[in-house]
Every structure is written in structure tokens, then in C-alpha cells.
Amino acid sequence: MIRQWTPARALRLAPLAGPGPVTALLVLNTAVGVLPIVFVVASSRLLGAVPQVADAGWNASTQRLLVTNFAVAVGALLLREALTPLRDAVGELLARRIDGVLIDDLMAAALGTDDLVPLTDPRVTDALRTAVRELEEGVRSPGQAAAGAFALLARVVEWLGYCLAVAVLFAWWAGLVLGAVVLLFRRAQRRGLRRYAEARAALDGAERRVDYLRRLSVEPGAGPEIRVFGLRGWLWDELGAAYRAWLTPVWAARRKAYLGPFYLVTAVGVVAVGGVLAGLGATASGALSLTGFFLVTQATLGAVRLGEFYPETDLQVTVGMRAYDAVRRFRTEVAKVPDRPRTGGATVTPRIPDPAQSRVPDPRDGIHFDQVTFRYPGRREAVLDRLDLTLAAGQCTAIVGANGAGKSTIVKLLARLHAPDQGAVRLDGTDIADYPLDAWRRKLAVIFQDFARYEVSATDNIGFGAVRAIDDQSGIRAAAEAAGIAADLDRLPGGPDAPLARHIGGGVQLSGGQWQRIALARAVFALRHGCPILVLDEPTASLDVRSEARFFDEFTDLVGGATTVLISHRFSTVRRADHIVVLDGGRVAEQGSHAQLLAQQGRYAGMFRLQAARFGQVRA
Ligand SMILES: Nc1ncnc2c1ncn2[C@@H]1O[C@H](COP(=O)(O)OP(=O)(O)OP(=O)(O)O)[C@@H](O)[C@H]1O
């Protein structure tokens with residue numbers, strides 16, 4: 001729903017820009033509103049003086065009269081021309097400051113949650129997407145709405161000045177009629193604009209589809225497939241259909257919103273203004289001086305011109321606040337997501353560490369998922385259902401299971417991006433939720449399945465594993481060597497300091513496997529800066545067979561006794577783990593060493609044989 005007219009709401013954002021631009025806009029807009037009135041008065045006096053010059057002739061006094069009024073009229077005109085762009089520039093400064101604060105606000109809200117729960121709620125993600133879209137691609141921004149609201153001041157001052165001049169110099173009723181006609185014009189303009197904006201907002205889905213197809217056509221992600229699968233024709237047709245589905249109703253709404261009211265109001269306006277001018281014409285000479293006549297005529301025409309659409313204000317205050325409302329909706333939705341229980345599982349009493357002493361001990365016995373149940377927001381079925389799982393200290397535990405079994409969810413619970421609905425994850429008996437979050441996370445080195453590819457140098461990409469030690473260049477180099485990526489980085493045109501993004505000047509593009517080794521190096525760097533727990537979610541999925549073999553040959557040296565969780569669909573990777581857990585139905589279905597699990601002839605043995613058979617090795 002588009003609010004009818006929001007200058008007052010938009011003005012409430014003005015303090016975000018600071019007092020400087022606000023004061024400047026008040027002064028400039030008042031001047032821009034007053035100067036046309038000064039012009040009308042001076043030019044009317046100039047015209048009114050003509051008979052005087054004709055009577056008295058060209059002498060010093062008539063010359064002064066004419067020249068002074070001419071200078072004032074021209075000066076007012078020129079000054080207005082000069083001040084209007086200055087007003088617009090200050091308005092833009094105000095808008096940028098306000099929008100900057102709102103973008104910071106949105107980022108703070110998006111990054112402000114310690115866990116991922118709100119960002120998995122569909123209402124929250126929808127609100128976030130709308131807020132980002134409105135701020136980045138919205139027709140007008142909240143800052144522009146505020147600047148537009150200030151610009152309205154100039155129009156109001158001008159309107160009041162004209163109506164007052166007509167009321168005082170000619171007839172009070174004429175001033176009132178003129179004021180009312182302008183308000184009527186403006187009301188019709190605003191209603192039309194609001195209806196049009198509402199019609200556009202209702203077609204948001206259609207517009208998004210056009211945006212999506214446009215992006216699909218020009219961004220590199222789908223480029224190869226579009227060409228190889230011959231999707232260009234399909235894309236053109238879809239884009240055409242999407243444009244029609246969006247623009248046909250938009251155009252219809254525009255015609256309907258503007259044309260009817262426009263003709264009606266114009267008719268009323270013409271009659272009313274005609275009445276004023278006719279009254280003026282009928283005034284007995286002498287009742288109004290010639291100067292007064294010119295002044296009233298000019299003021300009437302000037303006022304009528306103010307009934308138009310204001311390009312510096314109208315669209316801004318009608319739709320500009322949508323982005324503001326979207327940011328607010330996002331914050332409200334985030335706040336609505338209920339807090340999750342921090343601890344559960346009555347079997348072990350948590351030892352609450354001294355919060356002042358934010359040290360998290362290294363695992364002695366291990367990490368235990370103690371009867372952990374977890375479901376994602378909006379999902380009825382539990383991904384993990386009273387899961388009992390132990391990750392022994394200093395050992396490598398591999399977790400296997402079908403797609404969607406919940407392996408990556410275990411990683412998120414371990415990283416405290418989510419918290420269990422029931423049960424607890426415990427480190428040597430203490431609920432990990434009892435530790436300060438930052439202190440706990442400093443103990444983890446994680447490679448997520450969809451690890452981040454930062455568009456910065458390879459050196460920084462690796463250093464982000466322990467950002468507090470990012471200046472440790474030799475440590476970063478050692479981690480790159482351990483992950484087998486150092487030589488590749490040396491061969492890059494800009495070396496390890498080249499930005500890893502082709503669209504940046506001097507940037508380079510890495511292959512999928514090279515990126516994976518960067519992520520590995522990041523985790524190794526974290527390990528070497530004191531993380532005793534290593535989590536690897538599909539760490540070798542993009543590595544070639546040789547690199548994978550090398551990775552595991554050097555694994556013990558690489559991880560150096562860390563408590564390791566390894567998630568993989570590759571049994572060549574999994575079989576090397578100290579302990580293997582098969583996850584099914586949200587619980588541990590089988591566990592043991594590779595040899596033990598094969599001997600059990602259960603699910604693991606079945607899955608292993610199936611995969612081994614494809615590579616021609618039927619025996620373990
Ligand atoms: N953010 C989310 N919101 C809602 N459901 C989710 C979310 N993330 C995962 N799920 C669901 O939770 C289940 C477990 O997902 P998870 O990613 O943990 O599986 P996985 O075992 O790692 O799968 P894969 O082997 O395919 O990587 C899946 O059914 C998935 O659809």
C-alpha cells in the first residue's frame with residue numbers, strides 16, 4: 001500500500017543528514033520561493049511606470065524608477081536560476097547522507113544477528129530482498145523523499161505570496177478562489193500519481209521477473225549454459241512476454257490515473273481563473289492602479305502554474321519512502337523471530353564458565369551432540385532428531401549420509417549459526433552455548449560446503465581464517481604451501497596479491513579446485529593460529545585425484561592433532577578417518593572404523609561397494 005502523501009514522514013528523516021544541509025535547504029528553498037514574487041512585483045512596477053514616463057518624460061526620477069525595478073526584476077530572475085541548482089545539489093547531499101544511514105542500518109540489521117536463524121525465515125529473507133532492491137534500484141530513495149519535501153517549501157512560499165497579493169490588491173475572494181484552484185489541481189496530480197504508484201507496486205512480481213530475465217541475459221553466471229543449450233531464443237521470448245505482462249497494465253493504469261482527473265480539473269480551473277480575470281477586467285479604472293493590474297494578472301497566472309506536477313518533489317515523496325518502509329519491515333521481521341533455547345538436555349549439568357574469563361579450553365574428551373533435535377524455521381519435520389554423536393578429541397570423525405541427511409546442519413550447530421531446539425552440543429560436558437560466542441568461534445576452523453570466495457587477494461582470502469593475525473605473511477605462505485596452492489599463486493600475473501575477481505582491474509580468475517585449495521589454506525591458517533577444532537564440509541569435492549591423495553597423505557601433518565569433522569560423499573576420503581558415522585533419519589544409523597563398518601555389511605558397506613565398483617575396486 002502506497003501512503004497518500006508523505007512529506008511530513010520524509011522530513012522526519014532530515015536530522016539523519018545533520019544540521020548543515022537542513023539549514024541550507026530551509027534558507028535556499030525560502031529564497032527560491034520568494035524570488036519569483038519579487039520578480040512579479042518589480043516587473044509590475046516597471047510596467048506600471050510606463051504612463052508616468054510618458055507624462056513626465058525621460059528624467060532622472062523616471063530613469064531611476066525604471067532602472068531600479070528593471071534591475072530588481074532581472075536580479076531576482078537570475079538569482080533564482082543560480083539558487084535552484086544549488087538547492088538541488090544540497091538536496092542531493094542531504095539525500096545521500098540519509099540513504100547512507102539507512103544502508104548502514106540495513107547492513108547492521110542483516111549482519112547483527114549472531115546466528116543464521118532469522119535469515120532462514122522466508123518472511124525475513126523476503127523483507128531483506130525487498131529492502132535491498134528498493135535501496136539499490138528503487139525509483140526514488142527515502143533521502144530523495146526528504147529533499148523533495150524541503151523543495152515543497154519553495155512552492156508553498158510562492159503560492160502563498162501570489163494568493164496574498166491577489167487578495168490584498170484586488171479582492172479577498174479572488175485570493176481564496178485562486179488558492180483553492182491550485183490546491184484542487186495539486187490534489188488531482190497527487191491522486192493520479194498515487195494510483196499509478198499503487199498500480200506499479202501491485203505489479204512488483206511482474207517487474208521482478210523482468211529484472212531477473214534481464215540479469216540472466218547480461219550477467220556471466222548463466223552465460224555458458226544459455227549459449228550451449230541454445231537458450232537465447234527462449235530468453236528473448238520470455239523477456240518480451242515478461243515486459244508485456246508488466247508494462248501493458250502499467251500503461252493502462254497511467255492513462256486511467258491521469259487523464260480523467262486532468263480533464264475534469266482543467267475544466268474547473270479554467271472556469272475559476274477565467275472568473276478572476278473577468279472580474280479584474282470589469283474593475284472600474286482607478287479602483288486598481290496599472291501596477292496593481294499587472295501584479296494581480298501575473299500573480300494569478302503564476303499561481304495557476306503552481307497547480308502542475310512538481311518534478312523535484314512529487315514522485316520522491318510518493319514512492320521514496322518505500323525503501324524506508326522495507327528496511328523497517330526487515331528489522332521488525334528479524335525482531336519477531338523467536339529466540340531459540342540456548343541449552344537443553346537434562347542429562348549433564350552445564351558448568352557455567354566465568355564470563356569474564358572468555359577462554360574456551362581445547363577439547364580433552366571431545367564434543368558431544370547430546371540428544372540434539374533441530375528443525376529449520378517454517379519446516380515441520382526435524383532435520384536432526386535426538387541425535388547422539390561424539391566427536392572424539394584429537395581424532396578425525398567422518399560423517400556420511402544421503403543428500404539432505406543433515407550433515408551440513410551439524411556443522412552449523414557446531415559453529416553456533418543455529419542452536420538446537422532440544423538437547424545441547426557439549427565440549428567436555430559443558431554446553432558450548434555457555435561460552436561467549438566469539439571465544440567459541442575462535443576455536444573453530446571451518447570450510448563450509450559453499451565457502452565464500454572473497455573478491456580480494458589470495459593472501460587476504462587465506463588470512464581471513466584468523467583475521468587477528470592477517471599480517472602474518474609467512475604463516476599465510478606456509479598455509480598456502482600446505483594446501484598445495486602456493487605455486488599456482490606465484491604463477492598468477494599479479495602474484496598472490498592479485499585480486500581474485502576478473503572484473504577488477506588486474507584481477508584473475510581461479511578454477512574451482514584452486515578456490516577449494518584457497519579455502520583449505522584458510523582453514524590451515526586458522527589451525528596454525530590456535531584453532532583446535534577443524535570442520536571440513538566436502539573439502540576435496542573439486543580436487544583432482546592426485547591433489548586429493550596428496551591432501552590425505554599429508555592430512556595428519558596438516559591438521560596437527562585437531563579434533564576434526566570431515567563430511568564427504570567420496571569414500572576414498574572418508575575411509576581414512578579414525579571414526580565414521582552414518583547419518584540417517586536425523587540420527588546415527590551406524591558408526592565405527594572403515595574396517596568395522598565394512599564387516600557389519602550394513603548401509604556403509606553397501607554405499608562403499610557401490611562407489612568402489614564404479615571405480616573398479618570391489619575389495620576394501
Ligand atoms: N536454511 C534452510 N532452511 C530450511 N531448510 C533447510 C535449510 N538448510 C537446509 N535445509 C533442509 O535441511 C535438510 C538437511 O540439509 P543439509 O544441508 O544439512 O543436508 P546435507 O546432509 O548436508 O546434504 P548434502 O549432502 O546434499 O550436502 C534438507 O532437507 C534441507 O532441505
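Here a colleague and a modeller talk through a predicted model.

Colleague: Happy to have this one on screen! How far apart do the C-alpha centres of domain 1 and domain 3 lie?
Modeller: Let's start with the bounds, which come from the domain assignment: domain 1 covers 7-118 + 139-322, and domain 3 covers 453-531. Domain 2 is given as 365-443 + 542-620. Between the C-alpha centres of domain 1 and domain 3, the separation is 53 Å.

Colleague: Now the ligand, please. Which helix gives the most residues to the shell around the ligand?
Modeller: The ligand is surrounded by 13 residues, and the closest are Tyr376, Asn403, Lys407, Ser408 and Thr409. One helix, spanning residues 407-414, gives 3 residues to that shell, and that is the top contribution. The helix is α15.

Colleague: And how many residues of that shell are polar?
Modeller: The shell has 13 residues in total. Of these, 3 are nonpolar and 2 are charged. The polar ones number 8.

Colleague: Let's move to the strands. What is the order of the open sheet?
Modeller: Strand β1 (residues 366-374) runs antiparallel to strand β2 (residues 384-392), joined by 6 bridges. β1 also pairs with β4 (residues 422-427), again antiparallel, over 5 bridges. With its 4 strands and antiparallel pairing, the open sheet has the order β2-β1-β4-β5.

Colleague: Which strands then stand at the edges?
Modeller: Follow the order β2-β1-β4-β5 from end to end. An edge strand here has a single partner strand, so one of its sides is left without a neighbour in the sheet. The strands in that position are β2 and β5 (430-431).

Colleague: I'd like to find a few pairs by eye. Which residue in β4 stands opposite Asp370?
Modeller: Two other pairs can help you get your bearings. His368 has Thr390 in β2 as its bridge partner, while Phe369 is partnered by Val425 in β4. Opposite Asp370, in β4, stands Ala424.

Colleague: Last one, on helices α18 and α20: is the crossing right-handed or left-handed?
Modeller: The axes of α18 (residues 473-482) and α20 (residues 512-528) come within 8 Å and cross at roughly 130°. That angle makes α18 oblique to α20. As for the hand with which α18 passes α20, the crossing is right-handed.

Definitions and conventions. Residues are numbered from 1 along each chain as its sequence is written. This is a predicted model: local features need pLDDT of at least 70, side-chain atom pairs count only at pLDDT 80 or more; totals for chains, interfaces and linings use all residues. Domain bounds come from an automatic or database domain assignment. A residue is near a molecule or strand if its C-beta atom, placed from the backbone, lies within 6 Å of it. Helices (H or I, at least four residues) and strands (E, at least two) are DSSP runs, numbered from the N terminus. Ala, Val, Leu, Ile, Met, Phe, Trp, Tyr, Cys and Pro count as nonpolar, Asp, Glu, Lys and Arg as charged, and the others, Gly among them, as polar. Two strands pair if DSSP finds at least two bridges between them. Axes are lines fitted to C-alpha atoms, for helices over the stretch in contact, and angles run from 0 to 180 degrees between N-to-C directions. Angles under 35 degrees count as roughly parallel, over 145 as roughly antiparallel, 65 to 115 as roughly perpendicular and the rest as oblique. A crossing is left-handed if the near helix is turned anticlockwise from the far one by less than a right angle, and right-handed if clockwise.
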